[in-house]
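Biologist: I'm new to this, so please take me slowly through one part of the model. I'd like a close look at the aromatic rings and whatever surrounds them.

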Amino acid sequence: MRIAVFTFDEITMFHLSVPLMVFGEVTRLGLATDWETRLWSSDGGSIRTAEGYPIGDIAGPEIVDDADIVIVPSWSLPIAPTGPELREQLAAAHGRGATIAGLCLGAFPLADAGLLDGRAAVTHWTAMSLLAERRPGVRVDTSVLYIDHGDVLTSAGTAAALDACLHLVRTHLGAAAATRVARSLVVAPHREGGQAQYIERPLARPATGSALGEVLDWALARLDQPLSVDMLAEQARMSRRSFVRHFQQTTGTTPARWILERRLDEARALLETTDWGIESLAAACGFGSAVTFRQNFTAAFGTTPTAYRRRFTADSAAR
């Protein structure tokens with residue numbers, strides 16, 4: 001897996017570090033031995049970050065020619081139009097089959113290259129109106145962390161780049177590998193792309209010790225059991241209405257949706273790491289029947305549980 005990360009003068013170190021850290025951790029943990037991540041710029045040589053640090057030995061655009069994934073992790077401020085060379089490089093890489101990812105403001109070069117026309121996309125919430133104004137053919141989604149079309153991916157602001165990069169690890173190496181990387185980096189292993197990127201008081205997953213954090217931990221230990229909203233509200237010692245409102249403000253999703261996503265997370269891990277039958281696996285993840293499990297799994301991931309297991313079993317054997 002050859003990953004090319006675009007960089008430029010005045011990029012922030014955080015934006016640049018996210019893909020390097022996530023994909024580098026894949027190799028450091030021994031999850032894959034053939035992942036290589038390199039920086040490139042329009043001219044090669046060196047750049048100076050927004051914080052004033054010089055970074056040298058940066059490759060030129062020639063490394064894009066054989067990259068499997070090309071990432072634009074941010075974009076310059078104020079948001080300038082993308083130059084013709086970068087537009088052509090991104091379009092050419094996409095045309096030969098590379099995955100193109102625009103993280104945070106990196107969605108703008110992808111849009112300028114025509115890769116988002118007629119598609120949904122996301123960027124940092126402060127720049128959504130500008131993206132919609134500049135590229136009327138792009139359907140800007142104001143309520144998600146990332147959107148993956150398979151060949152093109154965009155993510156919301158700043159920390160959502162972590163979610164998008166972990167999603168790419170999950171796509172290529174499976175849920176268990178992505179969870180190991182997330183645990184090593186001490187970040188949430190899976191925030192769904194459909195989670196809201198910005199709420200009035202943005203909060204991360206509540207820590208254990210907080211009222212809601214304790215409820216989530218309680219629920220995670222009981223995924224094989226029925227978990228209604230009323231049960232969760234009772235555990236939190238709150239009315240159903242107050243609990244639902246507080247839960248959505250804190251996590252960006254509903255209790256029912258959160259439970260379903262966690263059941264599906266557990267199902268993917270079990271499909272990758274056990275040989276359990278579908279009936280047993282469905283019961284272990286709290287689905288009422290194998291039919292219900294298959295329907296939810298297929299709707300979420302666009303593939304059947306059996307096909308998913310076959311894919312990642314084959315990928316593991318190849319690694």
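**A close look at the aromatic rings**

Modeller: Let's start with two residues you can click on: Phe-293 and Phe-297 are both buried. Keep in mind as we go that this is a predicted model. The two share helix α12, which runs over residues 290–301, and they sit 4 residues apart, about one turn of the helix. They also belong to one aromatic cluster, together with Phe-287, Phe-301 and Tyr-308.

Now zoom out a bit. How many aromatic pairs does a search of the whole structure find? The count is 11. Take Phe-6 and Trp-40: their ring centres are 4.8 Å apart and their planes meet at 65°, so this pair is edge-to-face, since that label needs an angle over 60 degrees. It's a pair that ties together distant parts of the chain, because Phe-6 belongs to strand β1 (residues 2–6) and Trp-40 to strand β2 (residues 36–40), with their positions 34 residues apart in the numbering. Are these two buried or exposed? Phe-6 has a relative accessible area of 3%, so it falls under the 20% cut-off and is buried. Trp-40 comes out at 0%, so it is buried too.

Back to our opening residues for a moment. The rings of Phe-293 and Phe-297 have centres 5.7 Å apart and planes at 65°, so they also make an edge-to-face pair.

What surrounds Trp-40? In soluble globular proteins, nonpolar side chains tend to end up buried together. Here, the largest nonpolar core has 72 residues, and Trp-40 is one of those that touch the most other members, along with Val-22, Phe-23, Trp-35, Val-70, Leu-90 and Val-169. Helix α5, residues 160–173, gives this core its largest share, 9 residues. You can see the link through Phe-23: setting aside neighbours within four places in sequence, Phe-23 contacts Cys-165, Leu-168 and Val-169, as well as Ile-3, Trp-35, Thr-37 and Ile-71. Apart from this largest core there is another one, of 16 residues, and Phe-293 is among its members, as are Leu-264, Ala-267 and Ala-282.

Have a look at α5 itself while you're there. This helix is mostly covered, with 12 of its 14 residues buried. The buried ones include Cys-165, Leu-168 and Val-169, but also Asp-163, His-167 and Arg-170. From its first C-alpha to its last, α5 reaches 20 Å, close to the 20 Å expected at 1.5 Å a residue. Right after the helix comes Gly-174, with a positive phi near 100°.

One more ring to find: Arg-262 lies over the face of Trp-258, 5.3 Å from the ring centre.

Finally, the setting for all this. The protein chain has 13 helices and 10 strands, and 48% of its 319 residues count as buried. Among contacts between residues at least 6 apart in sequence, 61% join residues at least 24 apart. The pair of Phe-6 and Trp-40 is a nice one to remember here, with its partners 34 residues apart.

Terms used:
Residues numbered from 1 in each chain as written. Predicted model: local features only at pLDDT ≥ 70, side-chain atom pairs only at ≥ 80, totals over all residues. Heavy atoms only, no water. Phe/Tyr/Trp six-rings, centres within 6.5 Å; stacked < 30°, edge-to-face > 60°. Buried < 20%, exposed > 50% of the residue type's maximum accessible area, 1.4 Å probe, protein only. Lys NZ or Arg CZ within 6 Å of the ring centre and 35° of its normal. Core = buried A, V, L, I, M, F, W, Y, C linked by side-chain atoms within 4.5 Å. Contact = heavy atoms within 4.5 Å. Expected span 1.5 Å × (residues − 1).
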